[in-house]
Amino acid sequence: MTATSTEPPRRLAPLNPIQQLKAGHLPRRLVQLYVGLILYGASMGLMIQGNLGLDPWDVFHSGLTKHVSLSFGTVVIAVSFVVLLAWIPLRQWPGLGTISNAIVIGLVTDLTLSTVGKPDALWLRIVFMVAGVVVNALAGALYIGAQFGPGPRDGLMTGLVRRTGLSVRLVRTTIELTVLATGVLLGGSIGVGTVVYALSIGPLVHYLLPIFTVRLKLDQPTPST
């Protein structure tokens with residue numbers, strides 16, 4: 001006979017920056033946060049080098065790189081801080097994960113691009129693309145599950161949802177279609193990888209996020225008397 005767990009399900013908690021630091025499991029969460037951010041930057045580098053299309057925000061980033069004398073990673077960092085300015089009217093506070101996201105991902109993307117070459121064989125480019133999507137989903141689950149606040153772009157979405165009362169689906173779709181269209185107009189890299197990412201990232205993160213969401217002190221079950 002199988003015992004039934006009485007523990008509550010793991011969930012993402014609405015915490016302010018101070019609460020995030022006081023929520024327990026700090027060493028494990030910090031390691032998970034930065035491993036996730038490093039993997040996220042590496043996954044972006046793989047998709048870029050695979051050259052089969054990027055996710056909507058990276059189509060936008062790649063389009064910008066054609067018009068400014070900045071590296072891809074530097075553009076990612078710059079856009080992150082511009083997006084954070086939009087948090088001000090939304091009355092959101094960035095957490096440690098938010099600021100780390102804005103900086104670390106861009107740095108790791110540039111490091112990946114400088115150390116991993118572009119493959120010529122189509123099959124290897126497909127491997128890069130698929131690996132990029134899967135690693136990106138894993139990375140997202142890791143850093144989001146560490147519960148140190150959303151990244152700048154995700155926070156923009158959640159802030160708009162809260163302030164407007166519109167659905168997550170509508171707000172996210174509107175944002176991503178807008179940045180995708182803008183990126184295409186700027187000459188960003190779009191292709192089959194863009195479609196694969198759009199169709200795969202949601203289900204992958206949906207499956208992985210509960211696995212890597214850290215159960216915080218406020219999630220701990222109270223002892224029975």
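1. Start with D110. This residue is partly exposed, with a relative accessible area of 23%. That value is over the 20% under which a residue counts as buried, so D110 does not fall in the buried class. Keep in mind throughout that the model is predicted.

2. Where does D110 sit? Its place is in helix α6, which runs over residues 96-115. Leaving out residues up to four places away in sequence, D110 touches S71, F72, G73 and T74. D110 also has a partner in space that is distant along the chain. G45 is 65 residues away in sequence, yet the two C-alpha atoms are 7.3 Å apart.

3. Now take T98, which is found in helix α6 as well. Is T98 buried or exposed? T98 is buried, because its relative accessible area is 0%. Setting aside neighbours within four places in sequence, T98 is in contact with L84, W87, F148, G149, P150, G151 and P152. One of these, P150, returns in the point on the largest pocket.

4. Next, the pair α3 and α4. Helix α3 covers residues 56-65 and helix α4 covers residues 72-85. Their axes come within 9 Å and cross at roughly 115 degrees. The crossing is right-handed. On the α3 side, the residues that meet α4 are W57, D58, F60, H61, S62, L64 and T65. On the α4 side they are F72, V75, V76, V79 and V83. By class, this contact has eight nonpolar residues, three polar and one charged. F72 deserves a second look: this α4 residue meets α3 and is also touched by D110.

5. The largest pocket comes next. How big is its volume? The figure is about 1,400 Å³. The lining has 49 residues, and I144, P150, D154, M157 and R172 lie nearest the centre. Eight helices are worth tracing here: α2, α3, α4, α6, α7, α8, α9 and α10 each supply at least two lining residues. Among them, α7 spans 122-145, α8 spans 152-164 and α9 spans 168-186. By class, the lining has 28 nonpolar, 13 polar and eight charged residues.

6. The second largest pocket holds about 150 Å³ of space. It is lined by 13 residues, and the closest to its centre are I48, L54, S62, K66 and S189. Helices α2 and α3 each supply at least two residues of this lining. By class, the lining has four nonpolar, seven polar and two charged residues. S62 links two points of this note: S62 in α3 also meets α4.

7. Two backbone angles need checking. Most residues other than glycine have a negative phi. R91 has a phi near 60 degrees, a positive value, and is not a glycine. R91 lies in the loop between α5 and α6. Q147 likewise is not a glycine and has a positive phi of about 60 degrees. Q147 is placed in the loop between α7 and α8.

8. How do R91 and Q147 stand in terms of exposure? R91 is exposed, because its relative accessible area is 65%. Q147 is buried, because its relative accessible area is 5%. When viewing the model, look for R91 in the loop that leads from α5 (87-90) to α6, and for Q147 in the loop between α7 and α8.

Key: Residues numbered from 1 in each chain as written. Predicted model: local features only at pLDDT ≥ 70, side-chain atom pairs only at ≥ 80, totals over all residues. Heavy atoms only, no water. Axes fitted to C-alpha atoms, helices over the stretch in contact; angles between N-to-C directions. Helix = DSSP H or I, 4+ residues; strand = E, 2+ residues; numbered from the N terminus. Left-handed = near helix turned anticlockwise from the far one by under 90°. Contact = heavy atoms within 4.5 Å. Nonpolar A, V, L, I, M, F, W, Y, C, P; charged D, E, K, R; others polar. 1 Å grid on protein atoms, 1.4 Å probe; cavity = no way out; pocket = protein on both sides within 12 Å on 5 of 7 lines; lining within 4 Å. Points joined across faces, edges and corners; volume = space filled by probe spheres on them. Buried < 20%, exposed > 50% of the residue type's maximum accessible area, 1.4 Å probe, protein only.
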